[in-house]
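Trainee: I have a model open and would like to talk through how it is put together. Could you take my questions as they come?

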Amino acid sequence: MGDFDLEQSEPFPVDRDGRPFQSGAEQPDGDRRVGCCERFQRSVSKWMLPEDLRSKYLERANCCPPPIFIILISIAELAVFIYYAVWKPQKHWVTLDESIWRSPLTYKPECREEAWRFISYMFVHAGVQHIVGNLLMQLLLGIPLELVHKGFEVGMVYLAGVLAGSLSSSIFDPLSALVGASGGVYALIGGYFMNAVVNFREMIPLLGVFRILAIVIFVGTDFGFAFYRRFVNDEAGLKVSFVAHFGGIVAGMTIGYVFFSAYNKKLLKDPRFWLCIVGYVVFVLFAVLFNIFLSPAP
C-alpha cells in the first residue's frame, strides 16, 4: 500500500468550532439543509423587515423562547369569553348580553372611577364573530411581530392601543360602553401597516400590495361590524363604542411604528421615540382630566 498523504486528501467537513457536521443534516455553507424553524424565520423576515435588516435578524433568530405575550393574552381573552358563553350564555353572537354588561371587566361610562376597566375591557367580547376576528388577527400578526421585536415591544404597543382606545371612547363617545381587544389589535395593525407602506420597495412590492390590501379589507370589515354594534344593534338597550378602533390604530401608527421600525436600533437615541412618547403622555393626561372635570357621562 502507498503512503496516505493527508495534505492531498479532502478536508474533514467541520464547522467553525471544529465539530464535524452530521451527515445530511448539517452541511457547510450553501449545501446545508435548512430546517423548518429556519425556513419559518426566513419567511417571517420577508414579511416583517426591509431587506437590509433581514440578515441581522436571521443571525439572531431563535424560536425559543416562543412569542409568550401574544399567546398568553389570547388565551386569557378566550378563557374569559368561554366563561361568559358557557356559564353566563349570550343570546346571540353579535348581542351584548346582560351578563357581560354586569361584568367587572367591561368599560362603562358610569363606572369610570374603577380605573382598571380602561384596560380590562379587552378581555370581554360581544360574541363569537367578535372574538374570532380579534384572536385571528392578533395571532397572525402578533406572533411574527413578537418573533422579530420580542414581547416587550409588542406588549407595549398592544397595551398602548388598548388604553388609547378606551380613553378615546371616553372623550368622543362618552355615553357608550366598550368591550373587546380591538384597540390592541388595531395598534399592531397600525404599526405594521406604517412599516409596510414606508418600506414598500424593500418588502417585496407584490407581497407589499397584498399585505396592504389584506389589512384594508380586514379593517373595513371589522369597522362594519363595529358600526353595526354601535348604531343598529340595540337589543339590550346598550350602545357599544367603536371609537376604540380609531384610538388603537392611531397609537399603532405612531408608537407602534417607532417600535417596529427600530429593529437593531437604540430607541432612546431616536427622536421619533421621544416625540411619540411625549405626545401619548399628553393625550393620556388630557383624557384623564377630561373624564374628571368635563365628561357628560354620569
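Trainee: Leaving aside its neighbours within four places in sequence, which residues is valine 157 in contact with?

Mentor: Before the list, note that this is a predicted model, in which local features need pLDDT of at least 70 and side-chain atom pairs count only at pLDDT 80 or more, while totals for chains, interfaces and linings use all residues. Residues are numbered from 1 along each chain as its sequence is written, and side-chain values use heavy atoms, with hydrogens and water left out. With neighbours within four places set aside, valine 157 is in contact with Ala187, Leu188, Ile255, Gly256, Phe259 and Phe260, where contact means heavy atoms within 4.5 Å.

Trainee: Which helix is valine 157 in, and is valine 157 buried or exposed?

Mentor: Valine 157 has its place in helix H6, helices being DSSP runs of H or I with at least four residues and strands runs of E with at least two, numbered from the N terminus. Its relative accessible area is 1%, so valine 157 is buried; buried means under 20% relative accessible area, exposed over 50% and partly exposed in between, with a 1.4 Å probe and protein chains only. Valine 157 also lies 7.6 Å from alanine 251, C-alpha to C-alpha, although 94 residues separate the two in sequence.

Trainee: Stepping back, how many helices and strands are there in the protein?

Mentor: The protein has ten helices and zero strands, and its pattern along the sequence reads α-α-α-α-α-α-α-α-α-α. Of its 298 residues, 47% are buried. Among contacts between residues at least 6 apart in sequence, 71% join residues at least 24 apart.

Trainee: Back to the helix with that valine, then: at what angle do H6 and H9 pack?

Mentor: H6 and H9 pack at about 145°, with their axes 7 Å apart; axes here are lines fitted to C-alpha atoms, for helices over the stretch in contact, and angles run from 0 to 180 degrees between N-to-C directions. The crossing of H6 with H9 is right-handed, and the residues of this contact divide into 13 nonpolar, eight polar and one charged. In that scheme Ala, Val, Leu, Ile, Met, Phe, Trp, Tyr, Cys and Pro count as nonpolar, Asp, Glu, Lys and Arg as charged, and the others, Gly among them, as polar. As for handedness, a crossing is left-handed if the near helix is turned anticlockwise from the far one by less than a right angle, and right-handed if clockwise.

Trainee: And how do H6 and H10 pack?

Mentor: Helix H6, residues 128–172, packs on helix H10, residues 271–294, at an angle of about 40° with the axes 10 Å apart. The two helices are therefore oblique to each other, given that angles under 35 degrees count as roughly parallel, over 145 as roughly antiparallel, 65 to 115 as roughly perpendicular and the rest as oblique. The crossing of H6 and H10 is left-handed, and by class their contact has twelve nonpolar, three polar and no charged residues.

Trainee: What about H9 and H10, which residues meet there?

Mentor: Thr254, Ile255, Tyr257, Val258, Phe259 and Ser261 in H9 meet Arg272, Phe273, Cys276 and Tyr280 in H10, and by class this contact has seven nonpolar, two polar and one charged residues. Helix H9, residues 243–261, packs on H10 at about 155° with the axes 9 Å apart, and the two are therefore roughly antiparallel.

Trainee: You mentioned a cysteine; how many disulfides does the count come to?

Mentor: The count comes to zero disulfides, a disulfide being a pair of cysteine sulfur atoms within 2.5 Å. Cysteine 276 is buried at 18% relative accessible area, and cysteine 111 counts as buried at 12%.

Trainee: Changing topic, where is glycine 191 found?

Mentor: Glycine 191 is found in helix H7, residues 182–198, and is buried with a relative accessible area of 0%. The C-alpha atoms of glycine 191 and glycine 252 are separated by 4.4 Å, with their positions 61 residues apart along the chain.

Trainee: One last thing: what phi does lysine 150 have?

Mentor: Lysine 150 has a positive phi of about 70° although it is not a glycine. Most residues other than glycine have a negative phi. Lysine 150 is found in helix H6 and is partly exposed, with a relative accessible area of 40%.
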